[in-house]
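Hello,

Here is the structure I promised to send over, with some notes on what turned up in it. Have it open while you read, and write back with any questions.

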Amino acid sequence: MTIRRALFQTAFWVLLALAFFAFLWYENGHKVALEYLSAYLMEWSLSIDNIFVFILIFTFFRVKADYYARVLLIGILMAIFLRIIFITVGIALVAQFHWLLYIFGGILIYTGVTMFAAKDEEAMNVEDNRVYRWLKRILPLTGNDGNGRMSVVVDGKKRFTTLFVVVVLLATTDILFAVDSIPAVFGITKEKIVIYTSNIFAVLGLRSLFFLLRGAVARFAYLQQGIAVVLVFVGLKMLAEIIDIYLPVYVSLLVILFCIATAIGYSMYTSRKKS
């Protein structure tokens, strides 16, 4: 996929998400629509951070560029399916035990502080990934891509290729990100339609975003810090409800916009300055 095509596809998914924002405004009013936009922007920014990990996985397994599109498509479809399950369970738990929201708030604050302080050298080590080690223990794996296949037959025995491993790692890695992002959505809205759609629209654009950003990882060096501040803010917002302090939805939207825009702008500024 060319950069031009990736740009058009990314624009398509973003415009589709914004069209749904307009639809929600028309059908449900500005409050639900702004909650959706806030949640979508947060999920979209988190998905950019997700892509950097995807790039590490593709690089580690030396996936050929010809297979990128198909592997990403399968991995993202699996991620959407798993997120739907994750969200459904989360909604049921919160409906039954409202106090879980305060635990989510504490988790978000801890995650945000940890993420803000994390250094570049603390990036994910694929070799130490628990899912990867588990796959190596229980499945017969082969060290090649099987010419684009998920499994091959070697000496009469079925073996799974590196492409199969990559697909599994993409889906499970997205779930690890969802552990932070889905509780954060609960801090913005309790509307089921907003929780589901903001997540799905953000994940749908991952494939084209990958091709758009894979050569520009260094230009977003401070995005992680911007996302960390957003997570801390949402966590504090959730905990503030204990003492009956409720922030208007437009405040959340402005804070998210400011943090992400500042992080991206500062990253691009420092990148140009170094070059």
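A nonpolar patch of about 740 Å² lies on the surface of this predicted model. Its members are Phe81, Ile85, Val89, Leu93, Phe97, Trp99, Ile103 and Ile107. Two helices, helix 3 (68-96) and helix 4 (100-117), each contribute at least two residues to the patch. Helix 3 gives the largest share, with four residues. One of the patch members to click on is Val89, which sits in helix 3. Val89 has a relative accessible area of 44%, so this residue counts as partly exposed.

Next, how the helices pack. Two packed helices are described by the angle between their axes and the distance between the axes. Take helix 4 and helix 9 (residues 223-240): their axes come within 7 Å and cross at roughly 155 degrees. Since angles over 145 degrees count as roughly antiparallel, helix 4 is roughly antiparallel to helix 9. The crossing of these two helices is left-handed.

Helix 3 has a packing partner as well, namely helix 7 (residues 192-204). Here the axes are 10 Å apart and the angle is about 160 degrees, and therefore helix 3 and helix 7 are also described as roughly antiparallel to each other. Their crossing is right-handed.

Now to the charged side chains. How many salt bridges does the structure hold? There are three, and here they are in turn.

Glu35 and Lys31 form a salt bridge through their side chains, at 2.7 Å from N to O. Both residues belong to helix 2 (residues 30-60), and because they are four residues apart there, about one helical turn separates them. Is Glu35 buried or exposed? Glu35 is buried, because its relative accessible area is 6% and the cut-off for buried is under 20%.

Glu43 pairs with Arg83, and the closest N and O atoms of this salt bridge are 3.4 Å apart. Glu43 lies in helix 2 and Arg83 in helix 3, so this pair ties together parts of the chain that are 40 residues apart in sequence. Glu43 and Arg83 are both buried.

Lys64 and Asp145 make a salt bridge too, with 3.8 Å between the closest N and O atoms. This pair links distant parts of the chain, 81 residues apart. Lys64 is in the loop between helix 2 and helix 3, while Asp145 is in the loop between helix 5 (130-138) and strand 1 (151-154). The two partners differ in their cover: Lys64 is partly exposed, with a relative accessible area of 43%, whereas Asp145 counts as buried at 13%.

One last residue to look up is Ser47, which is placed in helix 2. With a relative accessibility of 6%, Ser47 counts as buried. Where does the chain bring Ser198 relative to Ser47? The two serines are 151 residues apart along the chain, and their C-alpha atoms are separated by 12 Å.

If you would like a route through the model, begin at the nonpolar patch on helix 3 and helix 4. From helix 4, go on to helix 9, which helix 4 passes in a left-handed crossing. Then return to helix 3 and find Arg83, the salt-bridge partner of Glu43. Glu43 takes you to helix 2, where Ser47 is also found.

Happy browsing, and best wishes

Technical notes
Residues numbered from 1 in each chain as written. Predicted model: local features only at pLDDT ≥ 70, side-chain atom pairs only at ≥ 80, totals over all residues. Heavy atoms only, no water. Patch = residues over 30% accessible without salt bridge, like charges linked within 9 Å, V, L, I, M, F, W, Y side chains within 5 Å. Areas by Shrake-Rupley, 256 points an atom, 1.4 Å probe, with all protein chains shown as cover. Salt bridge = Lys/Arg side-chain N within 4 Å of Asp/Glu carboxyl O. Buried < 20%, exposed > 50% of the residue type's maximum accessible area, 1.4 Å probe, protein only. Axes fitted to C-alpha atoms, helices over the stretch in contact; angles between N-to-C directions. Parallel < 35°, antiparallel > 145°, perpendicular 65-115°, else oblique. Left-handed = near helix turned anticlockwise from the far one by under 90°.
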